[in-house]
Amino acid sequence: MTQEPQLPSATAPPRVDADPAFEAAYQAAQKSAREGGIPIGAALARGGAVIASGHNERVQNGDPIAHGEMSALRAAGRQKSYRDTTLYTTLAPCAMCTGTIIQFKIPRVVVGEARTFGGEFELLRSRGVEVIVLDDQRCVDMMRAFQESKPDLWAEDIAEDTAE
Ligand SMILES: [Zn+2]
């Protein structure tokens, strides 16, 4: 990544695991889980400040397009530019969300985990998006529990036809 850091005053890399935007994404995922929905959350941040967060709303609103990332971006409303933003998500972004990240020219994505779903890192990186994977155990546990308890719902969300 050749892009200059956005925060010239920072002398040490920020502790992303203590990042409030990542926590906002995680809390949004937990809220969705409590509602019986798919536990994937996201948040958009600028300069360390959370603009908005959101979670998957497939179950809650019957909305197949409302992945966590899409919900957070919708909640953030119109942005003149995304070039100084970071998108946080509890799970590796799918092709749809990756396309939106590329389209909006979001330069950086912080991902909770990519063990339970590989996502589209290759595509993101090929388009110059910086991808940081936290490998957060809470996110792994949250997704594993969901995938084991509701395999059909999970298959539906990632457009995998369930085996007959
Ligand atoms: Zn997605």
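Let me start with strand 4, which is mostly covered, since six of its six residues are buried. I should say at once that what we are looking at is a predicted model, and that the protein chain averages a pLDDT of 91, with 88% of the residues scoring at least 70. One stretch calls for care, namely residues 7–16, where the pLDDT is below 50 and where the model shows seven contacts beyond near neighbours in sequence.

Coming back to strand 4, its partnership with strand 3 is in the parallel sense and runs over five bridges, and within that pairing Leu91 stands opposite Glu113 of strand 4.

Now to the sheet as a whole. In which order do its five strands lie? The order is 2-1-3-4-5, in an open sheet with mixed pairing. The edges are formed by strand 2, residues 49–55, and strand 5, residues 130–133, each of which pairs on one side only. On average, and ignoring direction, neighbouring strands of this sheet are turned by 20 degrees against each other.

At one end of that order, strand 1, which covers residues 41–46, pairs with strand 2 in the antiparallel sense over six bridges, and if you look for Ala45 you will find that its bridge partner in strand 2 is Val50. Packed on the sheet is helix 1, residues 20–34, which touches strand 1, strand 2, strand 3 (85–91) and strand 4 (108–113), and whose direction makes about 155 degrees with that of strand 1.

Let me turn to helix 6, residues 137–149, which lies across strand 3 and strand 4 and runs at about 65 degrees to strand 4. From its first C-alpha to its last, this helix of 13 residues reaches 18 Å, close to the 18 Å expected at 1.5 Å a residue. Which residues of helix 6 are buried? They are Cys139, Met142, Met143 and Phe146, and because they cover an arc of only 90 degrees around the axis, they sit on the same side of helix 6. The buried residues of helix 6 pack against helix 1, strand 3, strand 4 and helix 7, the last of these being residues 151–157. On the face turned away from that buried side, you can find the exposed residues Gln137, Asp141, Ala145, Glu148 and Ser149.

Helix 3, residues 68–76, is worth looking at next. Seven of its nine residues are buried, and therefore the helix is largely enclosed by the rest of the structure. The buried ones are Gly68, Glu69, Met70, Ser71, Ala72, Leu73 and Ala76. What do the buried residues of helix 3 pack against? Their partners are helix 1, strand 1, strand 2, strand 3 and helix 4, which spans residues 95–103.

Following helix 3 we come to Gly77, whose phi is positive, near 70 degrees. In the loop between helix 3 and strand 3 we also find Ser81. Is Ser81 buried or exposed? It has 9 other C-beta atoms within 10 Å, and since a residue counts as exposed with 12 or fewer, Ser81 is exposed. Finally, although Ser81 and Phe104 are 23 residues apart along the chain, their C-alpha atoms are separated by 8.0 Å.

Definitions and conventions
Residues are numbered from 1 along each chain as its sequence is written. This is a predicted model: local features need pLDDT of at least 70, side-chain atom pairs count only at pLDDT 80 or more; totals for chains, interfaces and linings use all residues. Two strands pair if DSSP finds at least two bridges between them. Helices (H or I, at least four residues) and strands (E, at least two) are DSSP runs, numbered from the N terminus. Axes are lines fitted to C-alpha atoms, for helices over the stretch in contact, and angles run from 0 to 180 degrees between N-to-C directions. Two residues are in contact if their C-beta atoms, placed from the backbone, lie within 7 Å. pLDDT is the predictor's confidence in each residue, from 0 to 100. The expected span of a helix is 1.5 Å times one less than its number of residues. A residue is buried if 20 or more other C-beta atoms lie within 10 Å of its own, exposed if 12 or fewer, and partly exposed in between; C-beta atoms are placed from the backbone. The arc is that of the directions from the helix axis to the C-beta atoms.
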